[in-house]
Number of protein chains: 2
Amino acid sequence: MSSQTYSISDLARELDITTRAIRFYEEQGLLSPERRGQERIYSPRDKVSLKLILRGKRIGFSLAECRELIELYDPSSGNTKQLHSMLAKISERREQLEQQMLDIEQMKLELDTAEERCVQALEQTLKSQESVQ
Amino acid sequence: MSSQTYSISDLARELDITTRAIRFYEEQGLLSPERRGQERIYSPRDKVSLKLILRGKRIGFSLAECRELIELYDPSSGNTKQLHSMLAKISERREQLEQQMLDIEQMKLELDTAEERCVQALEQTLKSQESVQ
DNA sequence: TGTCAGGTTGACGTTTACGTCAAGGGGTGT
DNA sequence: ACACCCCTTGACGTAAACGTCAACCTGACA
């Protein structure tokens, strides 16, 4: 049952980021791995947090926003006021995600028309080449 | 049929960004409005580009990426090699958008579980309050 | 004829998210 | 004993995306 642990370079390799980045996330309060002496020892939970960070970054979240998400995931901090503000933040995030979905759908449509124009332009150049031969 | 035009502050107001930002986008080659003397005169097309930029930013695109998108929208540049590389870029973007969709779906799930935990914690505190009375 | 709102070009400052050394500690194989 | 290898903490550098002046022009209006 000995829960798995990782070194910093283990995670760096596996998640394809630099150790510097990982330490930076810790500096910014997004991680707080155990220590064995000086060395950082990462738990599976830390790894989950890191994945959450990377996912957040892919959709344009700042590290501060990622930190909030991680904190939302935290089972500690339990007074009623905080819980309500958490719920508020969660629904804010949800709205943001909805907006991003819409943005992405729109982008896809634009890629469709851009692609169509490309294809038509290609067909055009093919035709004019045929007419030369 | 006199196509509408906008001043820089018109667009800034309407799109809720600063004039500085708009000028910066021009510096970076994302816009190239007409000029009347010194003054910038923006066309509806420029406005579309600006909206595309803002949409791009909302989903975490860099300005360089936004510029590529705008260039994809451009009907000029028509040699075959370029057209093929355009098509390649388009499909790259599409893959990226797909990934972002997945990321967002995943985020939503995580918000769901975070919300659930919040609600349960709230119910818990309510129960303990009842048991006191 | 002032002055005022809105436009312009620098040019430097700032925040975010790391990259890139430098200098050193600690275990381990030879 | 020494050579690696991986780890650590500074500390400074950097790219992106603007913010924030400063200094200046310009047409309109009292």
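Copies are superposed by least squares on the C-alpha atoms of residues with pLDDT of at least 70 in both. In this predicted model, local features need pLDDT of at least 70 and side-chain atom pairs count only at pLDDT 80 or more, whereas totals for chains, interfaces and linings use all residues. Residues are numbered from 1 along each chain as its sequence is written, chains are lettered from A and ligands numbered from 1 in the order in which they are written, and side-chain values use heavy atoms, with hydrogens and water left out.

A turn of 180° with a shift of 0.0 Å along the axis lays chain B on chain A with an RMSD of 0.1 Å, and the two copies are thus related as by a two-fold rotation axis. Of the residues of chain B, B:Gly60 comes closest to this axis, its C-alpha lying at 1.8 Å.

Helix α5 (residues 80-132) of chain A packs with α5(B) at an angle of about 165°, the axes being 8 Å apart; helices are DSSP runs of H or I of at least four residues, numbered from the N terminus, and axes are lines fitted to C-alpha atoms over the stretch in contact, with angles running from 0 to 180 degrees between N-to-C directions. The two helices are therefore roughly antiparallel (over 145 degrees) to each other.

B:Thr80 is found in helix α5 of chain B and is partly exposed, with a relative accessible area of 32%, where partly exposed lies between buried (under 20%) and exposed (over 50%), with a 1.4 Å probe and protein chains only. B:Thr80 touches A:Leu122 and A:Thr125, not counting residues up to four places away in sequence, contact meaning heavy atoms within 4.5 Å.

Methods: Parallel < 35°, antiparallel > 145°, perpendicular 65-115°, else oblique.
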